[in-house]
Amino acid sequence: MTHPPATPLPHHTADGPEDAPPLLLGPSLGTSLAVWEPQLPSLARHHRVIRWDLPGHGGTPAGVLGPGSAPTTTVPGLARLVLGLADALGIDRFAYAGISLGGAVGAWLAAHHPERIASLALLCSSARFGEPAGWHERAALVREAGLGPVADAAASRWFTPAFAGSPQARTLVAAVRRSVTPAGYAACCDALAAYDLRAGLARITAPTLVVAGRDDPATPPAHGRELADGITDARLLELSGAAHLANVERPDPVRDALLGHLAAHPHHGSPAAAPGPGAPAPHPAEGTAQ
């Protein structure tokens, strides 16, 4: 007889050789693990890539961190969720890359659990995502009016005008209504409101790559510079022609930067265990749209 894990796990997929070094990928607010598909085939050639969904996003229930329709969600709570996933998969030490909120989770882990993070990549992320009031207002809007207003504005935040009408952009924007719940989105807004790692950046010792989009209205390049300045020996890459989802809009330079960063800082953490009964089937690494 199998027993559920003591700690709820986020929905996740595993790609790449089972015995390869593990790499965990975190998504941004309003997206699912599918946001990493442009880089997945390349990353999965030499890594066991574990992608996970935020609460109320993709396949993860909104209440994964607690009961009720509006559970208390914080970045440390999300980080503990990721550690629980790594533990359940038998992974002790891993490389981590995250976009925006997913990057904040990785930065918090690197600052507070340095023994677990072999290398770190922060894409279009921040040590503090602006004033808390704006996030509380957005959370209240979503709880009252649903996801329509934020979905309507997503393209202008995520992409430059030249890319916003592309098939890739339209697919991700449409997925906000289809695969994100208002409760989960609002809870993640609350997590962003409470997050401030500025005083803790110096605690990060993992080799770190910071990627910023020069046209990013959500986390402008100054946010990336603050991360790179505060983390010892961090490398900063600023991409022209990229807004908040730089890995979608400029997939090739982001892929190359990640591959170079991972190759320069190899590690030999425990590979992911094979999925147990009831675990989601691994997503095939081949055939993913670029």
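**Exercise 1. Place Ser 100 in the chain and decide whether Ser 100 is buried or exposed.**

Solution. Begin with the position: Ser 100 lies in the loop that runs between strand S4 (94-99) and helix H3 (101-112), where helices (H or I, at least four residues) and strands (E, at least two) are DSSP runs numbered from the N terminus. The model is a predicted one, in which local features need pLDDT of at least 70, side-chain atom pairs count only at pLDDT 80 or more, and totals for chains, interfaces and linings use all residues. Residues are numbered from 1 along each chain as its sequence is written, and side-chain values use heavy atoms, with hydrogens and water left out. Next, take the backbone: phi of Ser 100 is near 55°, a positive value in a residue other than glycine. Finally, Ser 100 counts as buried because its relative accessibility is 6%; buried means under 20% relative accessible area, exposed over 50%, and partly exposed in between (1.4 Å probe, protein chains only).

**Exercise 2. Describe the setting of Cys 124 in the loop after strand S5.**

Solution. Cys 124 belongs to the loop between strand S5 (117-123) and helix H4 (132-145). Its phi is near 45°, which is a positive value in a residue other than glycine. With a relative accessible area of 2%, Cys 124 is buried.

**Exercise 3. Work out how helices H2 and H3 are oriented and which residues meet.**

Solution. Start from the geometry: helix H2 (residues 75-88) and H3 pack at an angle of about 80°, with their axes 9 Å apart. The axes are lines fitted to C-alpha atoms, for helices over the stretch in contact, and angles run from 0 to 180 degrees between N-to-C directions. H2 is therefore roughly perpendicular to H3, since angles under 35 degrees count as roughly parallel, over 145 as roughly antiparallel, 65 to 115 as roughly perpendicular and the rest as oblique. Then consider the residues in contact (heavy atoms within 4.5 Å): those of H2 include Val 75, Leu 78 and Arg 80, and those of H3 include Leu 101, Val 105 and Trp 108. The residues of this contact of H2 with H3 divide into 11 nonpolar, no polar and 1 charged, where Ala, Val, Leu, Ile, Met, Phe, Trp, Tyr, Cys and Pro count as nonpolar, Asp, Glu, Lys and Arg as charged, and the others, Gly among them, as polar.

**Exercise 4. Apply the steps of the previous exercise to H4 and H5.**

Solution. H4 and helix H5 (residues 148-158) pack at an angle of about 135°, and their axes are 10 Å apart. The two helices, H4 and H5, are therefore oblique to each other. On the side of H4 the residues are Arg 138, Leu 141, Val 142 and Ala 145, which meet Pro 149, Val 150 and Arg 157 in H5. The contact of H4 with H5 divides into 5 nonpolar, no polar and 2 charged residues.

**Exercise 5. Follow Leu 23 from its strand to the residues that surround it.**

Solution. Leu 23 is found in strand S2, and Leu 23 is buried, with a relative accessible area of 2%. Leu 23 and Ala 44 are 21 residues apart in sequence, while their C-alpha atoms are 8.9 Å apart in space. Leaving aside neighbours within four places in sequence, the contacts of Leu 23 include Leu 43, Val 49, Tyr 96 and Leu 262.
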